[in-house]
Amino acid sequence: MNILVTGGAGFIGSNFINYILSERDDVFIVNLDKLTYAGNLENLKPSEGKKNYQFVRGDITNNELVDYLFKKYSIKNVINFAAESHVDRSILGSEVFYRTNVIGTNVLLEASRRYNIDKFLQVSTDEVYGSLGATGLFTEQTPITTNSPYSSSKAAADLMVQAFHHTYGLPVVITRCSNNYGQLQFPEKLIPLMILNCLKDKKLPVYGDGMNVRDWIYVIDHNKAVELVFEKGRVGEVYNIGASREMANIQIVKLILNKLGKTEDLIEYVKDRPGHDRRYAIDSTKIQTELGWKPSFEFEQAMEYTIDWYLANKTWWERIISGEYQKYYEVQYGNR
Ligand code: NAD
Ligand code: DAU
């Protein structure tokens with residue numbers, strides 16, 4: 001089975017490719033990734049050199065390249081991880097978010113239609129459901145409501161994927177997952193940012209009152225769910241993915257401080273993120289009952305692995321936090 005995996009040099013995509021290729025040899029994966037600031041070929045060391053793996057550097061918005069790859073590798077399946085993924089960056093500048101997340105998805109859908117593919121899986125997010133109050137959960141029926149350029153671009157892509165199913169009969173499935181954590185996550189995201197700042201005794205910038213809630217899932221559990229939906233998900237359907245582990249941001253920050261033996265005076269409450277969604281929480285009953293998925297990692301244990309991974313892989317993140325990332329950090333946080 002030949003699968004075009006896009007964005008496979010990023011956090012979730014690289015974990016996905018490394019996981020799949022360590023488990024199976026009945027797939028051939030073509031990894032199309034532009035290698036933006038978030039893409040890193042070092043993430044794919046375990047997969048490099050495997051005969052059923054091919055990396056291609058390129059942009060999903062490039063029609064000619066995408067067409068060429070479908071033809072050359074007889075692509076019959078697509079798993080679209082490629083995206084601009086960071087909410088704060090989308091607030092600083094939205095254009096590239098719409099270009100990659102919307103136009104890029106359109107290019108992949110059009111090629112999928114031309115080549116009459118067997119399955120198109122769109123990796124989406126719970127952020128398309130907007131924000132919850134103190135109670136309730138996102139189900140697949142929750143109306144789409146978006147509050148950031150990032151989430152609106154992901155929602156636009158989801159609607160387009162569904163339209164291609166209804167209009168052209170394209171065999172699509174959509175997954176909507178909650179916040180991931182784990183090895184290889186770019187240190188702009190909450191958990192790795194706080195780990196690295198702690199290690200460097202830098203301030204920990206907590207937005208607003210620190211009481212915004214996210215529902216955390218270990219990246220391997222997300223990827224196992226993506227694999228299952230890809231194989232067994234009903235065409236045209238949306239599947240929520242989440243591990244029912246709600247945490248206020250400040251709880252996460254304190255857990256990291258505690259594990260790394262640092263004191264709470266590193267915490268600095270800073271100006272809130274504009275349009276900051278208050279609470280996310282996923283109801284994953286559908287994927288559990290229909291497909292038999294359930295998360296297998298326990299939060300405290302997987303957070304330990306994650307923190308230990310960053311402790312053991314200093315060269316990986318030291319290379320990243322120099323250069324381009326440093327400029328973003330200064331714009332986003334000043335010189336803290
Ligand atoms: P990431 O930012 O770590 O990686 C994105 C990857 O896409 C990078 O390798 C980048 O080089 C590549 N890319 C970006 N623009 C591209 C383009 N135009 N053409 C080709 N490649 C391009 O993101 P992530 O956290 O791994 O997220 C992967 C997917 O999962 C995204 O679609 C995101 O919306 C979704 N998602 C993420 C989370 C999360 O918690 N991180 C949760 C739910 C869903
Ligand atoms: O819910 C799924 C989404 O989770 C994905 O679709 C996105 O791609 C992914 O980036 C993530 O979005 P969030 O905005 O929830 O993740 P982030 O790590 O940026 O922030 C998590 C929470 O922590 C959020 O409430 C904002 C807060 N935060 C974040 C940063 C970077 C801070 O308080 N301080 C910070 O410096």
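The following paragraphs describe the main sheet of the predicted model, the enclosed strand β9 with its residue D215, and a set of salt bridges.

The model is predicted, and local features were accordingly taken only where pLDDT is at least 70 and side-chain atom pairs only at pLDDT 80 or more, whereas totals for chains, interfaces and linings use all residues. Residues are numbered from 1 along each chain as its sequence is written, chains are lettered from A and ligands numbered from 1 in the order in which they are written, and side-chain values use heavy atoms, with hydrogens and water left out.

Seven strands form an open sheet with parallel pairing, in the order β3-β2-β1-β4-β5-β6-β10; strands (E, at least two residues) and helices (H or I, at least four residues) are DSSP runs numbered from the N terminus, and two strands are taken as paired if DSSP finds at least two bridges between them. The edges are occupied by β3 (53–57) and β10 (238–241), each of which has a single partner strand, so that one side of each is left without a neighbour in the sheet. From one strand to the next the twist averages 20°, where axes are lines fitted to C-alpha atoms, for helices over the stretch in contact, and angles run from 0 to 180 degrees between N-to-C directions.

Within this sheet, strand β1 (residues 2–6) runs parallel to strand β4 (residues 77–80) and is joined to it by four bridges, V5 having I79 as its bridge partner in β4 and T6 having N80. Helix α1 (residues 11–23) packs on the sheet, touching β1, β2 (28–33), β3 and β4, and its direction makes about 170° with that of β2; contact here means heavy atoms within 4.5 Å. Strand β4 is also joined to β5 by four bridges, again in the parallel sense, with K119 of β5 as the bridge partner of N77. In a regular strand the side chains alternate between the two faces of the sheet. In β4, N77 and I79 point one way and V78 and N80 the other, and all are buried, burial being defined as under 20% relative accessible area, exposure as over 50%, and partial exposure as the range in between (1.4 Å probe, protein chains only). Helix α5 (residues 149–168) lies across β5 (119–125), β6 (172–177) and β10, and runs at about 155° to β5.

The loop between β5 and α5 contains G133, which is partly exposed with a relative accessible area of 44%. Although G133 and Y280 are 147 residues apart in sequence, their C-alpha atoms are 8.8 Å apart in space.

Strand β9 has six of its six residues buried, and is therefore largely enclosed by the rest of the structure. Both of its faces are covered, with V213, D215 and I217 on one side and R214, W216 and Y218 on the other. Three bridges join β9 to strand β7 (residues 179–181) in the parallel sense, N180 standing opposite I217, while three bridges connect β9 with strand β11 (residues 246–248) in the antiparallel sense, V213 having A248 as its bridge partner.

Within β9 (residues 213–218) lies D215, a buried residue that has no salt bridge, the nearest side chain of opposite charge being that of R279 at 7.3 Å. For this purpose Lys and Arg count as positive and Asp and Glu as negative, with His and the chain ends not counted, and a salt bridge is a side-chain nitrogen of Lys or Arg within 4 Å of a carboxyl oxygen of Asp or Glu. A polar atom of the D215 side chain nevertheless lies 2.7 Å from the backbone nitrogen of R245. Beyond its neighbours within four places in sequence, D215 is in contact with residues including S178, N179, R245, Y280 and I282.

By the salt-bridge rule the count comes to 24. R24 and E227 form one of these, with their closest N and O atoms 3.0 Å apart; R24 lies in the loop between α1 and β2 and E227 in helix α7 (residues 219–232), so the pair ties together parts that are 203 residues apart in sequence. Both residues, R24 and E227, are buried, and they are linked with D26 and E231 in a network of salt bridges. A salt bridge is also formed by R319 and E42, at 2.7 Å from N to O, and links helix α11 (residues 314–320) to the loop between β2 and β3 over 277 residues; here R319 is exposed, with a relative accessible area of 52%, whereas E42 is partly exposed at 26%. R245, whose backbone nitrogen lies by the side chain of D215 at 2.7 Å, forms a salt bridge with E300, the closest N and O atoms being 2.4 Å apart.

Conventions
A polar contact is a pair of N or O atoms within 3.5 Å; within protein, one must be able to donate a hydrogen and the other to accept it, and residues adjacent in sequence count only if both atoms are side-chain atoms.
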